[in-house]
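Here are some notes to help you find your way around a structure that is new to you. Please keep the 3D view open as you read.

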Amino acid sequence: MSDKKSKCGLGKTIWKALALKGDFYENARNTPKTQRRSLTIVILAAVSHALGSAVILLINRATLPILVLALLIDGLSVVGGYYFWTLTISKIGQWLKPNHVTYKDLLIPIGYAYSPQSLNFLTVIPLLGRPIELVLSVWSLLAVIVAVRQGLDITTRSAWLICLVGWPLIQVAIGFVQVFEQYLVKLAA
């Protein structure tokens, strides 16, 4: 990316990542401040997910200590999921193309691919929360596939296979966290 393009703000960066354009993900490592910006997007996704959970916990009248603990676990699960998913992709990518792209190089485009998760606060919409969460998860999966395809310079089919190894594990972990939060609320009641 040229220096002019790299000076776009966080909002434009998220918008470009949401559009799933391959050239954006391919050039993600070549722009200034990308590591900080991609981590900011992941943290924004974690905060958005926690906000959605907070509203639900408040409706269920969770106590303050339970609310804080649940939100901390919720936010950390998103960030931890990001690092774990990137690690699985990196390891499989190293197996397919040794010495091509490092774990650190993949953190940036995959961080950008978490942009759909920044809309996770929308899960508080009654009756639409779970479907919205699933749509955002699939959107993130598609973004990660584009990022991996461009980052590892492989076919789309190979990118699908690589990304689908870690994605179900992340979904199960997020579901586990949600069940755990509900358990904490019932325990405190």
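The numbered points below go through the core, the aromatic rings, the empty spaces and a few single residues of this predicted model.

1. **The main core.** A good place to start is the largest nonpolar core, which has 38 residues. Tyr25, Trp85, Ile89, Tyr114 and Val148 are the members that touch the most others. At least two residues of this core come from each of α2 (10-18), α3 (22-26), α4, α5 (64-96), α6 (103-112), α7 and α8. The biggest contribution is that of α7, with eight residues. There is also a second, separate core of seven residues, with Ala54, Leu57, Leu67 and Ala70 among them.

2. **Tryptophan 85.** This core residue is worth a closer look. Leaving out residues up to four places away in sequence, tryptophan 85 touches Tyr114, Ser140, Leu141, Val144, Cys163, Gly166, Trp167 and Ile170. Trp85 also belongs to an aromatic cluster, together with Tyr82, Tyr83 and Tyr114.

3. **Phenylalanine 24 and its partners.** How many aromatic pairs does the structure hold? There are five. In one of them, phenylalanine 24 meets tyrosine 25 edge-to-face, with 5.4 Å from centre to centre and 75° between the planes. Both residues are out of the way: phenylalanine 24 counts as buried because its relative accessibility is 6%, and tyrosine 25 counts as buried because its value is 1%. Phenylalanine 24 pairs with tyrosine 112 too; here the ring centres are 5.2 Å apart and the planes are at 40°, so this pair is tilted. Since phenylalanine 24 lies in helix α3 and tyrosine 112 in helix α6, the pair ties together parts that are 88 residues apart in sequence. Tyrosine 112 is buried as well, at 3% relative accessible area.

4. **Helix α6.** Why can α6 be called largely enclosed by the rest of the structure? Because seven of its 10 residues are buried. These are Leu106, Leu107, Ile108, Pro109, Ile110, Gly111 and Tyr112. Against which helices do they pack? The buried residues of α6 pack against α2, α3, α4, α5 and α7.

5. **The largest pocket.** Now for the empty space. The largest pocket holds about 260 Å³. It is lined by 14 residues, and Ser53, Ile56, Glu133, Gln178 and Gln182 are the closest to its centre. Two or more lining residues come from each of α4, α7 (129-152) and α8 (156-188). The largest share, five residues, belongs to α4. By class, the pocket lining has two nonpolar, nine polar and three charged residues.

6. **The largest cavity.** Two cavities of 30 Å³ or more are counted. The largest cavity has a volume of about 110 Å³. Among its 13 lining residues, Tyr114, Gln117, Ile170, Gln171 and Ile174 lie nearest its centre. Here α5, α7 and α8 are the elements that give two or more residues to the lining, and α5 gives the most, with five. The cavity lining consists of seven nonpolar and six polar residues, with no charged residues. You may recognise Tyr114, which is also in the aromatic cluster of point 2.

7. **Serine 48.** Is serine 48 buried or exposed? Serine 48 is buried, with a relative accessible area of 3%. Its place is in helix α4 (residues 34-59). Leaving aside neighbours within four places in sequence, serine 48 is in contact with Gln117, Ser118, Leu119, Asn120 and Phe121. Gln117 appears in point 6 as well, as one of the residues nearest the centre of the largest cavity.

8. **Two loop residues with positive phi.** Leucine 20 is not a glycine, yet its phi is positive, at about 60°. This residue lies in the loop between α2 and α3, and its 25% relative accessibility makes leucine 20 partly exposed. Aspartate 153, another residue other than glycine, has a positive phi near 55°. Aspartate 153 lies in the loop between α7 and α8 and is exposed, with a relative accessible area of 55%.

Technical notes. Residues are numbered from 1 along each chain as its sequence is written. This is a predicted model: local features need pLDDT of at least 70, side-chain atom pairs count only at pLDDT 80 or more; totals for chains, interfaces and linings use all residues. Side-chain values use heavy atoms; hydrogens and water are left out. Helices (H or I, at least four residues) and strands (E, at least two) are DSSP runs, numbered from the N terminus. Buried means under 20% relative accessible area, exposed over 50%, partly exposed in between (1.4 Å probe, protein chains only). Contact means heavy atoms within 4.5 Å. On a 1 Å grid over the protein atoms alone, a cavity is a set of points where a 1.4 Å probe fits but cannot get out, and a pocket is an open set with protein on both sides within 12 Å along at least five of seven lines; lining residues have an atom within 4 Å of a point. Grid points are joined across faces, edges and corners, and a volume is the space filled by probe spheres set on the points. Ala, Val, Leu, Ile, Met, Phe, Trp, Tyr, Cys and Pro count as nonpolar, Asp, Glu, Lys and Arg as charged, and the others, Gly among them, as polar. A nonpolar core is a set of buried Ala, Val, Leu, Ile, Met, Phe, Trp, Tyr and Cys residues joined through side-chain atoms within 4.5 Å. Rings of Phe, Tyr and Trp (its six-membered ring) pair if their centres lie within 6.5 Å; planes under 30 degrees apart count as stacked, over 60 as edge-to-face and the rest as tilted.
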